[in-house]
Amino acid sequence: MARRCMLTGAVGRSGNNISHSHVRTKRRFDINIQTKRYWVPSEKRFVTLTLSAKGIKTVDRRGIEAVVKDLRARGELA
């Protein structure tokens, strides 16, 4: 599974750990990805989405019907 939000498209970033002696080593800043199931009343079924925390808040704000419609238009959801 790719660590990518289906709704916002957010992905992890890379950066540096900086030690006390100021030696830099590579590290990853991963995003908070959650697999979440939503009930879609118009389709009478559950839809499983891979979302970031911000994506979950967006679904709560816009509603699952509008989000599923947009994901289908983009081809993200079958």
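The face of H1 turned away from its buried side carries four exposed residues: Lys54, Lys57, Asp60 and Arg61. That is a handy place to start looking around this structure, which is a predicted model.

**Helix H1 and its two sides**

Helix H1 covers residues 53-62, and its buried residues are Gly55, Ile56, Thr58 and Val59. These residues span an arc of only 160° around the axis, so they lie on the same side of H1. There is a simple reason behind such patterns. An α-helix has 3.6 residues a turn, so residues three or four places apart point the same way. The cover over the buried residues of H1 includes E3, E4 and helix H2 (64-74).

Thr58 is a good residue to click on within helix H1. Its relative accessible area is 11%, and because buried means under 20%, Thr58 counts as buried. Once neighbours within four places in sequence are set aside, Thr58 is in contact with Leu7 and Gly63. Gly63 follows H1 and has a positive phi, near 100°.

**Helix H2**

Which residues of H2 are buried? They are Ile64, Val67, Val68 and Leu71. Their arc around the axis is only 95°, which means that they sit on the same side of H2. Turned away from that buried side is a face with the exposed residues Lys69 and Ala73. E3, E4 and H1 are among the elements that cover the buried residues of H2.

Just after H2 comes Gly75, with a positive phi of about 85°. Gly75 counts as exposed, at 59% relative accessibility. Between Gly75 and Gly63 there are 19 Å in space, C-alpha to C-alpha, for a separation of 12 residues in sequence.

**Two buried strand residues**

Turn now to the strands. Tyr38 belongs to strand E3, residues 33-40. With a relative accessibility of 10%, Tyr38 counts as buried. Not counting residues up to four places away in sequence, Tyr38 touches Arg45, Phe46, Val47, Leu49, Leu51, Ile56, Val59 and Ile64. In that list, Ile56 and Val59 are buried residues of H1, and Ile64 is a buried residue of H2. Lys69, on the exposed face of H2, has its C-alpha atom 14 Å from that of Tyr38, with their positions 31 residues apart along the chain.

Ser52 sits in strand E4, residues 45-52. Ser52 is buried too, with a relative accessible area of 6%. Leaving out neighbours within four places in sequence, the contacts of Ser52 are Cys5, Thr8, Ile31, Asn32 and Ile33.

**Rings and charges**

How many aromatic pairs are counted in the model? The count comes to one. The pair is Trp39 with Phe46: the ring centres are 5.1 Å apart and the planes meet at 70°, so this is an edge-to-face arrangement. Trp39 is partly exposed, at 43% relative accessibility, and Phe46 is partly exposed as well, with a relative accessible area of 42%.

Two rings also have a charged side chain over them, as listed here:

| Charged residue | Ring | Distance to ring centre |
|---|---|---|
| Arg27 | Phe29 | 3.9 Å |
| Lys36 | Tyr38 | 5.3 Å |

Tyr38 therefore appears twice in this tour, as a buried residue and as the ring under the charged end of Lys36.

**The whole chain**

Stepping back, the protein has two helices and four strands. From the N terminus on, the order of elements is β-β-β-β-α-α. The radius of gyration is 17 Å, well over the 12 Å that the globule rule gives for 78 residues, so the protein is more spread out than a compact globule. Along the principal axes, its C-alpha atoms fill a box of roughly 60 × 20 × 15 Å.

Of the 78 residues, 29% count as buried. The accessible surface of the protein is about 5600 Å², and carbon and sulfur atoms account for 52% of that area. Looking at contacts between residues at least 6 apart in sequence, 38% join residues at least 24 apart.

Notes. Residues numbered from 1 in each chain as written. Predicted model: local features only at pLDDT ≥ 70, side-chain atom pairs only at ≥ 80, totals over all residues. Heavy atoms only, no water. Phe/Tyr/Trp six-rings, centres within 6.5 Å; stacked < 30°, edge-to-face > 60°. Buried < 20%, exposed > 50% of the residue type's maximum accessible area, 1.4 Å probe, protein only. Lys NZ or Arg CZ within 6 Å of the ring centre and 35° of its normal. Rg over C-alpha atoms; globule rule 2.2 N^0.38 Å. Contact = heavy atoms within 4.5 Å. Areas by Shrake-Rupley, 256 points an atom, 1.4 Å probe, with all protein chains shown as cover. Arc of directions from axis to C-beta.
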